[in-house]
Amino acid sequence: MTDVVVVESPAKAKTINKYLGGGFTVLASFGHVRDLPPKDGSVRPEEDFAMDWAADERGQRQMAAIAKALKGSKTLYLATDPDREGEAISWHVRAMLEEKKLLKGIDVQRITFNEITRSAIRYAMDHPRALDQPLIEAYMARRALDYLVGFNLSPVLWRKLPGSKSAGRVQSVALRLICEREAEIEVFKTREYWSVEAALATPAGAPFAARLTHLDGRKLDQFDLPNQDKAEAARAQVQAAKLAVQSVERKRVRRNPPPPFTTSTLQQDASRKLGLSAQQIMRLAQQLYEGVDIDGDTVGLITYMRTDGVSMAREAIDSIRGHVRDSFGPNYVPAQPREYTSKAKNAQEAHEAIRPTDITRTPDDVARHLSHDQRRMYELIWKRACASQMAAAELDQVAVDLAEPKNPTSPVLRANGSIVAFDGFLKLYREEVDENATGKDDDDNRMLPPMSEHDAVATKSVAAEQHFTQPPPRYSEASLVKKMEELGIGRPSTYASIISVLQDRNYVKIDKRRFVPEDRGRLVTAFLTSFFERYVDTGFTAGLEDQLDEISAGKADWRAVMHAFWRDFSAAIAETKDLKISNVIDALDEELGPHFFPAREDGTDPRVCPSCGKGRLGLRLGRHGSFIGCSNYPDCSFTRRLAVDGGEDEASATLKEGMRNLGTHPTTGEEITIRRGPYGLYAQQGEQEPGSKVKPRRTSLTKGMDGETITLEQALGLLSLPRIVGIHPELKEPIEAGIGRFGPYVKMANIFASLDKDDDVLAVGLNRAVDVLAKKLASVRTLGVHPKDKEAVIVRKGRFGPYVQHGQIVANLPRDVSMDDISLDDALALLAEKGKALKAKPGAKKKAAPAKAKAVKAPKADKPAAEAKAPAAKKAASAKKAPAAKKAPAKKPAAKKAAS
């Protein structure tokens, strides 16, 4: 009989099985085997936070496989990841087996390892331990918190703010950071300032540049030269001065290497240098950790990638120092090993930094075994870890002041320069400059020619340069992760999922690798800051994270923390029961008024209704979301989409008379009219017959179309959509163009992609459609081919989450596995299980095909905003009729979404 080892993924199981050999059965749990059911009552605060756990079909199958393997075994080794989630998975596995009384006579051991290498696995097997109860309690507290926030705050959003999707304990705070940065940019007032720079030459004729720093005996501040007149006056003084070297200051500066990567610093550096998203970074790191095939042997190349620690094992430090000595020489090895300590208040989860498992496996040595992105990721991790144990770089910095001798009011100029005296760790690794850098240290990268005090210099030219202050930059993934880490919001393993959720729910979008809040996201943030300000406060959220860390360290009772949170949070939820929609509108209108109605340059009131000229424009809430309308409704029916005043939607808001008749349809004879709805203008064919439930054909006007000038031919074109654009040249699938709820799109099979504002949906051609779809196709990842029939195995997002597909078989991914993390081996195992389940149920295969077809035909996450619906609004409406979850089963999918 063999002992049983349980890990998370098949890829990890495959690698470890090779190391352990006979005598062991290594099985994968596929992440969590059970979770809180997405229904009311799964966490019960009134019962001291009792929690119900339930396993889905996949979890039950995995546990059945583990139970079967345990028959006759003496030891069960729980070898899940060395962090909080890994500890929780092990706890769930043990608990489910204990509930079924399957552990009688079986010794249960917990083993952890920071790297998947033969020696690390063997060491872990020889040094087992018990489950870490404080870490398990920290997991339960986090899970309970996220559940209670999701299942209590999200329904309030649905009822009081139709069109919103959900709120989350940490995601809402991250969204607030993005929205507040955008508000800073909008109110930022550009300020002019000038600088003066001279092109000079030494007595030997060597050129250099110097900048004006003092004028009329006083040091210049940034705005002391506010306009061209003053700048020109200063330029004239510099031009007239007979300059000489007043002083030369030299100093040597040491620059130490950065510590090896943590999860957050890896995400920041890889985002800036490699241009990858946080999810892509974590997927690649996971692959390098779980192991790649090198000459027939599966080898884990890096240590565990979810960590906030910066220390390294002594053996690893010694190995790196030896490699540096052999590769670069003894001068590049510091006298003493570098010891790093984490800045985190309670660096928990996995404590060692991310590093190569073997520093002698250089990026060049393993490149042929890795994909392009894997190679770049490994090279980044390898260089950072190696550089962390190298000698400091030394720079000689020079500062030269120049002025007119014996003239106390002479303008003073300064020239800065530096030269690398010893490159040290810079020979191997340079940190990427943060995007917030102003460039003011450019002079430090200049070399200055030799100069001595009292040397007269020649003035070649003097120039005054105009500058304008710049608003703070929008957050990139790297800078958002850095900001969240600085504030103590979230933890290393959560950053990627937080960013993904904000994008999936259309609260933010990415523009030029920067986060831009959508109007929906700003509405949600305004609502939460108005009525739940404490729970989206960075200080409160960071404090709660600290308490959770205290629990994981065994210094706090998790139930006491939960009781304190629930007492205040439940009271805040109860206060919203009597909250009127009018109160919500007033709060949002006050908060977002400056955004949607910015001041006009001509001084006119941006809120005056352009239709009646008397009403006041403001935010309105409808069944399907928010829009801008006139206060004189119903006498004035002017509306426009939720957009900034004077923006792209203004042209489509010009139909002031309510309806315009364009003529008749050439075939049916029905009238073609242009009308106004809550979300803008639309074309309509015919009228609804009295007593008939069949509505006439309608299509929204695209952005830029003017309701007063649109022609009959254009309207007929819109009403004929969707239209066939052509056949994809490579995939041989037909491509359609059409208009959805929020704009035009192109579609191929079950792939949707929004068209840009400059695209004409009536005229867009095949080449353009292929280009637009290419971006979407990139998000549908092909994992490889199935070994049986060589058909593609893909992973993509579906209506209820990501899934893998091969032919007619579709299998959902586990809750804690993202589509970027899944490997081909994982997918094949999931599909195999699904295939067995279908065969085991008589008639199930026939029923599965239509369900699969429906998911593949129109998975919600693949549709652009143009096609996506807002189920939250429907749930809000149904909530009024059936407030109890048991009476409204239709709410379950949405509730599940909220809890996540």
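# Reading a predicted model

Colleague: Which residue in S29 stands opposite Ile735?

Modeller: In this predicted model, Met748 is the residue in S29 that faces Ile735.

Colleague: What makes S28 and S29 a pair, and in which sense do they pair?

Modeller: Two strands count as paired if at least two bridges are found between them. S28 and S29 have six bridges, in the antiparallel sense. The number of bridges therefore satisfies the criterion.

Colleague: How do you know that S27 pairs with S28, and how are the two strands connected?

Modeller: The antiparallel pairing of S27 and S28 runs over four bridges, and the criterion asks for at least two. One position in register is Ile724, which stands opposite Glu736 in S28. As to the connection, S27 and S28 form a hairpin with six residues between them. Within that turn, Lys732 has a positive phi of about 60°.

Colleague: How many bridges join S29 and S30, and which residue in S30 is opposite Tyr745?

Modeller: Strand S29, residues 743–748, is paired with S30 through four bridges in the antiparallel sense. The residue opposite Tyr745 is Ser754 in S30.

Colleague: What is the order of the strands in this open sheet, and why are S27 and S30 called its edges?

Modeller: The order is S27-S28-S29-S30, with antiparallel pairing in this four-stranded open sheet. Strand S27 (723–727) and strand S30 (751–754) each have a single partner strand, so one side of each has no neighbour in the sheet. From one strand to the next, the twist averages 30°.

Colleague: What makes strand S28 mostly covered?

Modeller: Strand S28 spans residues 734–740, and five of its seven residues are buried. To be buried, a residue must have under 20% relative accessible area.

Colleague: What is unusual about the peptide bond between Leu721 and Pro722, and where is Pro722 found?

Modeller: The bond joining Leu721 and Pro722 is cis, with omega at about 5°. Most peptide bonds are trans. Pro722 is found in the loop between helix H19 (712–719) and S27.

Colleague: Why is Ser90 called buried, and which residues are in contact with Ser90 beyond its neighbours in sequence?

Modeller: Ser90 has a relative accessibility of 1%, and the cut-off for buried is under 20%; Ser90 therefore counts as buried. Ser90 is found in helix H3, residues 84–99. Leaving aside neighbours within four places in sequence, Leu78, Thr80, Arg110 and Leu131 are in contact with Ser90. Ser90 and Ser29 are separated by 61 residues in sequence and by 9.3 Å in space, C-alpha to C-alpha.

Colleague: What sets the phi of Asp48 apart, and is Asp48 buried, partly exposed or exposed?

Modeller: Asp48 is not a glycine, yet its phi is positive, at about 60°. Most residues other than glycine have a negative phi. Asp48 is found in the loop between strand S3 (43–44) and strand S4 (50–51). Its relative accessibility of 37% lies between the cut-offs of 20% and 50%, so Asp48 counts as partly exposed.

Colleague: Why does Lys512 receive another label, and what is that label?

Modeller: The relative accessibility of Lys512 is 74%, and exposed means over 50%; Lys512 therefore counts as exposed. Lys512 is found in the loop between strand S18 (508–511) and strand S19 (514–517). Lys512 also has a positive phi, of about 55°, although it is not a glycine.

Colleague: How many cavities of 30 Å³ or more are found, and how much space lies in the largest cavity?

Modeller: A search of the whole structure finds four such cavities, and the largest cavity holds about 90 Å³ of space. The elements giving two or more residues to its lining are helix H5 (133–160), helix H16 (538–552) and helix H17 (558–575). H16 gives the most, with three residues. Among the lining residues are Val149, Arg169, Tyr535, Phe540 and Phe569.

Colleague: What share of the protein chain is buried, and how many helices and strands are there?

Modeller: Buried residues account for 51% of the 900 residues in the protein chain. The chain has 24 helices and 34 strands. Among its contacts between residues at least 6 apart in sequence, 69% join residues at least 24 apart.

Note on methods: Residues numbered from 1 in each chain as written. Predicted model: local features only at pLDDT ≥ 70, side-chain atom pairs only at ≥ 80, totals over all residues. Heavy atoms only, no water. Buried < 20%, exposed > 50% of the residue type's maximum accessible area, 1.4 Å probe, protein only. Contact = heavy atoms within 4.5 Å. Axes fitted to C-alpha atoms, helices over the stretch in contact; angles between N-to-C directions. 1 Å grid on protein atoms, 1.4 Å probe; cavity = no way out; pocket = protein on both sides within 12 Å on 5 of 7 lines; lining within 4 Å. Points joined across faces, edges and corners; volume = space filled by probe spheres on them.
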